[in-house]
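This report describes selected features of a single protein chain. It begins with one sheet, then turns to individual residues and to the chain as a whole.

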Amino acid sequence: MPKRPKAQAVQPEPAPQSSSEEEQDEQPLGEELDLSSEEEFADDEGASEEGEEEEQSEDDDEAAAEDGADEDIRQAIAEYYQAASEQRRPADATGNGVPAETSGREHESSGRPLDPGSDSSEDERPSRNTIGDVPLVWYKDEDHIGYDAQGAKIGKSQRGDKLEQLLARNDSRKALRTIYDAYNDEDIVLSKEELRMIMRIRKGQFPHVEVNPYEPYLDYFSGDVDPTPIINAPEPKRRFIPSKHEEAKIVKLVRAIRKGWIKTGKAKRAQQQQPQVYLLWGDDDQADSAKTGSHLTYIPPAKPKLPGHEESYNPPKEYVPTEEEKAGWELLPPEERPGYVPQAFECLRHVPLYANFIKERFERCLDLYLCPRVRKKRMFIDPKTLVPKLPKPQDLQPFPQTLALRFSGHTSRVRCIAPHPSGQWLASGSDDGTVRLWEVATGRCSAKWTLGEPIMSVGWCPNAALQLLGAAVGKRLVLLLSGLGGEEVEAAARAACKVPAAAAAGGEQQQQQLARWESRPDGGLELHTQHPVRQITWHARGDYFASVAPTGATQAVLVHQLSRHSTQNPFRKNRGRVQRVAFHPLKPFFFVATQNAVRIYNLAKQALAKKLLGGSGVISAMAVHPSGDHVIVGSEDKRLAWYDLDLSTSPYKALRYHSYAVRGAAFHSTYPLFASSSDDGTAHVFHGRVYADLMTNPLIVPVKILRGHKVVDSAGVLDCAFHPTQPWLFTAGADGDVLLFCN
């Protein structure tokens, strides 16, 4: 807040020598003027027109109450100021003084002359006290408040007590506008304009009324688009090409952010939230990251063992060996003796020089110089972080969990099972030479075929108009009439299985080395091959089916066409012993699994499309996903491998949950489920969800282990298959039973 000095009695300048008695009488009159009267006069003369009218009315009221002497005093003051102004005019004319208007205003306000060369107002005048930024408490007990520019003491004014100040405040109208300046020991009376400025500052406004905070905006630039541009040149090509310089700059910034050289807002906040602590021995770790002059990582030397209580010059008694212990140590070989024998001395001056000091230092130098150092980084990893975060099995239902039915009737191990496409029937083949047809809902055996040899594989024809059941029996492939679907379906099946005599006689020579087609007396069909058949699988259309004979060498894989009663050998040479084959559900691809690899052939181009690398064990089972883009392969090394055909030829994930060889594997046609069976007597069910997004990997979660079969002669669950429409699983065991697990 600006300081306003209090109006004081004006000291008139020395007037010219005059013999006039009136001038001599006016001189002491100015010196004896009352301060309050001069303040009133200065305030009346410096106030606005409204203030002059108000104060003039108040002065008139007060003058009416007082005697007429005040009227004479005011007249004398006016005459005095008029005479003083006339005396100063000659000095202004000669240039030795200040202008009359400025000088009069200075005398009226503060009574002090201003520097004529200064452009500062009276609010910026230097204070009379020159003690600087010194606490006034230091002068509390002194009779002065400081020193002026000449070094003279500035005495304190005689101020009345609290009672006198209260009475003076009640008597004076300007007490509420008077503040005390303790630094200069004077009272400052604020004018009404200054009070208005203070009130505006307290309200958050500009001090001066003439300042307008909302000046009108001057729009220097027009928003109108000129019809003719300033530059009519065509746009350069660089406007439409990404800048390589900016790209390089962005790459540098991204690299700096990844390396941690540039901290983002999130990293800075995380760093600020960390506790402000440091390691006491943090310098030891810093040495590991230091680089030598040859850009090699500095490896610090091994730290020697720190001394303990036994190395003290006066150790406790329990550390000092006895004579018997010393004698026993001397009898030991030198390499088994302790390196240091504790000794006790009365004081440190009695400790002799260490005898092996030079020898140990020399050996230490040799170790540091000659012995190579190897850095061993110790990693502290929480085992819980290594376990993948998978969803809970309860959130992945439905899947088979409990044993619902047991199909009993076979007298030997059941090697293969095949659910009907409708889901109402189940076919099973056993080593007892029979094929049984079961009703899934009741577990009743509705049909039985005795074929005389162990049944190695069974499979339903996908063509619903035929309802044929294929079985691999020894060196034969047998197509049986199931009797399902009514008379029309049975008649169509008999017609498809009937081999014409001309076709049989004409093709006997061509197919003598592949297969021989014959009709069965019961209306079925038999194909006689030269080697034992281990598997039969159907194409999705139901006209083609393939057979696998592992010992057949060049005739290991044969493809048969039911409508033409013909057989062909697609491969002149098989690279390895064939174990399993499968048709692609949608595309003309053919999967051939040998002992160590799975080859995928394009039947349309008659070329090898891809080769999937296997593991160390012999492949024993294979299943293709309904989409055709994923394959699971089980092997005798207890591993079930998942292959993503669009990702790689190596397994996407290897599942090692079985304790014995894997014998069967199957995908569900509609649910995201797949299962595997093993000789350990269990069947494992997995949740395998395949996403349509190629950037998302399949989700594989083990959900259930199914038990119910007995292990007989080191054979457990030999085959498994899912229900076509329900999340149910059929398993075939070596104990002669077929089990159904439901959700």
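## A four-stranded sheet

In this predicted model, 4 strands form an open sheet in the order β27-β28-β29-β30, and their pairing is antiparallel. The edge positions are taken by β27 (662–667) and β30 (699–707); each has a single partner strand, so one side of each is left without a neighbour in the sheet. From one strand to the next, the twist averages 20°.

The pairing of β27 with β28 (residues 673–678) is antiparallel and extends over 5 bridges. Within this part of the sheet, Ala666 stands opposite Ala675, the latter lying in β28.

## A nonpolar surface patch

Four residues, Leu253, Ile257, Trp261 and Ile262, form a nonpolar patch on the surface. Together they present about 410 Å² of accessible area.

One member of the patch, Ile262, is located in the loop that lies between α8 (244–259) and α9 (265–273). The relative accessible area of Ile262 is 37%, and this residue is therefore classed as partly exposed, since that class covers values between the limit for buried residues, under 20%, and the limit for exposed residues, over 50%.

## The surroundings of Val341

Val341 belongs to the loop between α11 (323–331) and α12 (357–370). Its relative accessibility is 28%, so Val341 counts as partly exposed.

When neighbours within four places in sequence are left aside, the residues in contact with Val341 are Pro321, Lys326 and Trp329. The C-alpha atom of Val341 also lies 8.4 Å from that of Glu311, a residue 30 positions away along the chain.

## The chain as a whole

The chain has 743 residues, and 33% of them count as buried. Its secondary structure comprises 15 helices and 33 strands.

The accessible surface of the chain amounts to about 48800 Å², and carbon and sulfur atoms account for 52% of this area. As for contacts along the sequence, 49% of those between residues at least 6 apart join residues at least 24 apart.

Terms used. Residues are numbered from 1 along each chain as its sequence is written. This is a predicted model: local features need pLDDT of at least 70, side-chain atom pairs count only at pLDDT 80 or more; totals for chains, interfaces and linings use all residues. Side-chain values use heavy atoms; hydrogens and water are left out. Patches are made of residues with over 30% relative accessible area and no salt bridge: like charges are joined within 9 Å, nonpolar side chains (Val, Leu, Ile, Met, Phe, Trp, Tyr) within 5 Å. Accessible areas come from the Shrake-Rupley method with a 1.4 Å probe; for residues, only the protein chains shown count as cover. A salt bridge is a side-chain nitrogen of Lys or Arg within 4 Å of a carboxyl oxygen of Asp or Glu. Helices (H or I, at least four residues) and strands (E, at least two) are DSSP runs, numbered from the N terminus. Buried means under 20% relative accessible area, exposed over 50%, partly exposed in between (1.4 Å probe, protein chains only). Two strands pair if DSSP finds at least two bridges between them. Axes are lines fitted to C-alpha atoms, for helices over the stretch in contact, and angles run from 0 to 180 degrees between N-to-C directions. Contact means heavy atoms within 4.5 Å.
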